[in-house]
Amino acid sequence: MHDEPNILPRPGFHLTPERNWMNDPNGLVFHRGRWHAFFQYNPEGSDWGNMSWGHATSVDLQHWDELPVALRFTAEEQVYSGSAVAAGPDGPLTAYYTSVSADGRQAQSRATSDDDGLTWQRDPANPIIDRGSHAFRDPKIIRYEDADGFRWIMLTVEAVERQVLVYSSADLRAWEHVSTFGPVGPTGVVWECPDLIPLAVDGRPEETRWVLLLSTNPVGDAQDPDGSSMSYLVGDFDGTAFTPERSELRRLDHGRDFYAAVGFDSAPGGEAVILGWMGNWRYAADLPASPWRGAMSLPRRLSLTTVDGEPRLVQEPPAFVTERLAAIDPTTVALSAVAVDLALDGFGVVELGWDPSVTGELRLRLTADTDGEVAIVHDPAAATLSVTRSGGAMDTVHPDFASTSIVPLAGDRPGRLLLSLDGPLLELFVDGGLATVSDLVLLGSGRPRLTLASERASPVSVTVAVLHRASVLDRASVVDQAHAFA
Ligand code: FRU
């Protein structure tokens, strides 16, 4: 029996729940050799509701084991997003999450775990921080140390006010409100899921900046049909207040499906690793995924690089992807206006390298066994990369699902693109991670084809790695050079 062609195939190297609804990552923490991801989860159904924290762990960020629900909703409390920290290498885990009570009040509550996150004890003093607000949520705990010593910092949002509230604590129990940031940037959105991450500029620790991550979701009348997205601001944090270098929010991911990303506490080597939900509130409830509903992105390693005199966020795929690619010799494909088809496995990554001054425009197209397709066009003259998902299979999800994302590129640089396709999850790391595009795509469950063509005849280097199934298809297989690019 064939699956319904529009039902999304379950990803192989991304975190998805076995069944039911998932949204934001919560409580991301590396603890005793394992990456823990908790997540917004409905234990009882495939729609948003009964909000609880699901739980999964991984040793390599590629294979995830799902564990029992960690924090379950009750009649009195919905368990919304939050974070966890490891107080010491073998100490207990402390989590903060937003308790939503029956009257809709949102307040921050605490829970601790002595068994590596398997079971949690809610604090009898909950809620710990309550402002009587109905939009006060998403506590993210980070660490801060200076000459005055070490303290824990909690970032939360007043979502409707578009503000980040900063709290400070010595013991993860008593919190003092020390500053408020915002509102800045576009109106007509709520702010959600803040994080604040210190990153060295160009690898120089003495040039550290703090990067504020924000997820914004349209609300009210005349909402932006593009829906949810993430932005960032680069600035300074002195343990009390965040001061941005410029007040314009910069887009963190140019696709439609990257939201609520926050960082892991205690990542090995002090690396900054974030994980996001590959979804968009505009149509998340309409996705034909079953019995699982919701996926996380690839974990991303963050750094800052100076571009045109300004620190810009760079997002790189995790080591399991880059190491796998590094072990495979690239194939050189001779491109021209006559298209070349690569047969992909559908659960892997493709790295492409080209010289835009030779190729001119480079066009890629992804198709499989639905009429849905993705067109990726690199236009060196316009200095843009555009990503368009279209076709009936996409349109049936929601009227706003078909989309074009335009990525501005940093001038005339070598063409570099890492394309990850894991079932319906498409993620592009452009120009070494200076831009990313994350999109859900409905290509069906058959083997996808990647069609390549360039304006002028030129060589393009291609490396293909399968990440899901054991397979010999580790190299690009050129199956058909004979048709013109449509
Ligand atoms: C973000 C969000 C959070 C909230 C959670 C509820 O996607 O709206 O602000 O805590 O999802 O599931």
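Which residue stands opposite Arg34 in β2? That would be His31. Keep that pair in mind while we look at the rest of this predicted model.

## Overall build

The protein chain has three helices and 35 strands. Its radius of gyration is 22 Å, close to the 23 Å that the globule rule gives for 486 residues, so the chain is as compact as a globular protein of that length. If you want a box for it, the C-alpha trace spans about 70 × 55 × 50 Å along its principal axes.

Take the contacts between residues at least 6 apart in sequence: 59% of them link residues at least 24 apart.

## Burial, surface and charge

Of the 486 residues, 57% count as buried. What the protein chain exposes comes to about 18500 Å², with carbon and sulfur atoms supplying 49% of that area.

On the charge side, there are 37 positive and 67 negative charges, and their mean positions lie 1 Å apart.

## Strand β1 and its partners

Back to the opening pair. Strand β1 covers residues 20–31, and 12 of its 12 residues are buried, so β1 is largely enclosed by the rest of the structure.

With strand β2 (residues 34–41), β1 runs antiparallel, joined by six bridges. The two make a hairpin with two residues between them, and Arg32 in the turn has a positive phi of about 50°. β1 also pairs with strand β20 (residues 292–293), this time in the parallel sense and over two bridges. There, Trp21 stands opposite Arg293 of β20.

Definitions and conventions:
Residues numbered from 1 in each chain as written. Predicted model: local features only at pLDDT ≥ 70, side-chain atom pairs only at ≥ 80, totals over all residues. Heavy atoms only, no water. Helix = DSSP H or I, 4+ residues; strand = E, 2+ residues; numbered from the N terminus. Rg over C-alpha atoms; globule rule 2.2 N^0.38 Å. Buried < 20%, exposed > 50% of the residue type's maximum accessible area, 1.4 Å probe, protein only. Contact = heavy atoms within 4.5 Å. Areas by Shrake-Rupley, 256 points an atom, 1.4 Å probe, with all protein chains shown as cover. Lys, Arg positive; Asp, Glu negative; His and termini not counted. Charge placed at Lys NZ, Arg CZ, Asp CG, Glu CD. Pairing = 2+ DSSP bridges.
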